[in-house]
Amino acid sequence: MQPSLTSTQKRIDSIDILRGIVMVIMALDHVRDYFHYAANTDDPLNLATTTPFLFFTRWITHFCAPVFVFLSGTSIYLQSLRKSKKELSSFLIKRGLWLIFVEWAIISLGWTFNLAYQFIPFQVIWAIGISMILLGVFVRLPYAAILTIGLLIVLGHNLLDQVEAAPGFTKNFWTDLVHSARFDSYTFAPDHYAIIAYPFLPWTGLMMLGYCTGVFFTNHYTSAQRKKNLNLIGIGLIILFVLLRFTNFYGDPVDWTTQKSQLLSFFSFISVNKYPPSLLYMCITIGPALLLLGLLEKSNNRFTGMMRTYGRVAFFYYILHLYLIHIVSAICYFMAGHTVEEGVSLGAGRPFYFQASNDGYSLTIVYIVWISVILTLYPLCKWYDQYKSNNKDKWWLSYL
């Protein structure tokens, strides 16, 4: 029997709500990038200098990229119930190419305001784009093959840490693109650089596992069975994280260590590698996310309604929030008395123009700006969601 959606709805509300939550949290990290006084000078996860408030502000945003990539895979599985493998493969490859173009042409401009495009990022939208292209090839395979490949990548990619740490290993553009990048830059033209933040291999594996999780949202599973499975997998991932992290046996390139206080030791324990995303990083983010996904299934209130709206127009929201944050940053920059000449000075290798955090703002201001950005964008997101719902015949909306 061919599986189908659990209802006549073409979207699953709990998926949209969770996606919306992580999109809102993601904006907090980006506001911190532009406004916090230490954004250019220190790592918020640096145990020697951080504060609990600052650590939490950065650490909670670690959930955003992996949950978004994972849910992208889940949504693709749901699309597979309405499209042939050939149609889905073609769509994923085209949309993946489109996302990579948007990353380099539109999102890079939002990050930098550099009209010369001196910095081309390989960040989360690039990772989603290339992962969609690869999944567009893999969707022609049986479900079991996709699950096996996804598990092998996610469980095994940290074996490459040993290769990359071995004496004599030389990183280059291609090894960085696949796995070893940690914001490395490469010159592709005079004064023009590609910055690789998201190597694609682990992200592709995570999207494949998200794709396979989509089977729980078909008519083969009741709501109770789906919640039970999500809970079992979520708890299992958290237990796996605790066991592997406690022993420092495998799964993250940096061991946790005992610190001068119990709180800092705990911070060391939960601070895992995002660039590239380690197995333990994926366990401690996807595990709780699956538990929350089960809890959200029958949740219907004003908060979840707002999050659902953000989640249904995530790509639209993503682009708008970057430009809005940077515009507000630029306004604050000029209000502080800076000039255009100062604003386009790259100083310290930072590619962002007109960055307000050069003057320094507290975390309180960061949170105020964050909440203001979220509330400002909500009417636009709600309008666009309604527009999409009323114009389902427009094929190009599926790319946005």
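## A right-handed helix crossing and a three-stranded sheet

Helix 3 and helix 9 cross in a right-handed sense. This is a predicted model, and that crossing is a good place to start looking around it.

**The helix pair**

Two packed helices are described by the angle between their axes and the distance between the axes. Here helix 3, residues 64-80, meets helix 9, residues 200-213, at an angle of about 45°, and their axes are 6 Å apart. Angles under 35 degrees would count as roughly parallel, and 65 to 115 as roughly perpendicular; helix 3 and helix 9 are therefore oblique to each other.

Which residues make the contact? On the helix 3 side they are A65, P66, V69, F70, S72, G73, T74, I76, Y77 and S80. Helix 9 brings W203, L206, M207, L209, G210, Y211 and T213. Sorted by class, the contact of helix 3 with helix 9 holds 11 nonpolar and six polar residues, with no charged ones.

**The sheet**

Next comes the sheet. Three strands form an open sheet in the order 1-3-2, and the pairing is mixed. Strand 1 (119-122) and strand 2 (184-189) are the edge strands, each pairing on one side only. On average, neighbouring strands of this sheet are turned by 25° against each other, direction ignored.

Strands of a sheet pair through backbone hydrogen bonds, either parallel or antiparallel. The table sets out the two pairings of this sheet, with one pair of opposite residues for each.

| Strand pair | Sense and bridges | A facing pair |
|---|---|---|
| Strand 1 and strand 3 | parallel, four bridges | F122 and I196 |
| Strand 2 and strand 3 (residues 192-196) | antiparallel, five bridges | Y186 and A194 |

Helix 8, residues 173-180, packs on the sheet and touches strand 1, strand 2 and strand 3. The direction of helix 8 makes about 140° with that of strand 2.

Are the residues on the two faces of strand 1 buried or exposed? In a regular strand the side chains alternate between the two faces of the sheet. For strand 1, F119 and P121 lie on one side and I120 and F122 on the other, and all of them are buried, so that both faces are covered. F122 is also the residue that stands opposite I196 in strand 3.

**Backbone details in the loops**

The loop between helix 4 (85-112) and strand 1 contains F113, and Y117 has its place in the loop between helix 4 and strand 1 as well. Phi of F113 is near 60°, a positive value in a residue other than glycine. For Y117, phi is near 50°, again positive in a residue other than glycine. Why does Y117 count as partly exposed? Because its relative accessibility is 27%, and partly exposed covers values between the buried limit of 20% and the exposed limit of 50%.

Further along the chain, the peptide bond from Y275 to P276 is cis, with omega near -5°. P276 sits in the loop between helix 11 (262-270) and helix 12 (279-295).

**A long-range pair**

One last residue to visit is I371, in helix 16 (residues 363-390). With 44% relative accessibility, I371 counts as partly exposed. Where does the chain bring I371 and V24 in space? Their C-alpha atoms are separated by 9.1 Å, although the two residues are 347 residues apart along the chain.

Note on methods. Residues are numbered from 1 along each chain as its sequence is written. This is a predicted model: local features need pLDDT of at least 70, side-chain atom pairs count only at pLDDT 80 or more; totals for chains, interfaces and linings use all residues. Side-chain values use heavy atoms; hydrogens and water are left out. Two strands pair if DSSP finds at least two bridges between them. Axes are lines fitted to C-alpha atoms, for helices over the stretch in contact, and angles run from 0 to 180 degrees between N-to-C directions. Contact means heavy atoms within 4.5 Å. Angles under 35 degrees count as roughly parallel, over 145 as roughly antiparallel, 65 to 115 as roughly perpendicular and the rest as oblique. A crossing is left-handed if the near helix is turned anticlockwise from the far one by less than a right angle, and right-handed if clockwise. Ala, Val, Leu, Ile, Met, Phe, Trp, Tyr, Cys and Pro count as nonpolar, Asp, Glu, Lys and Arg as charged, and the others, Gly among them, as polar. Buried means under 20% relative accessible area, exposed over 50%, partly exposed in between (1.4 Å probe, protein chains only).
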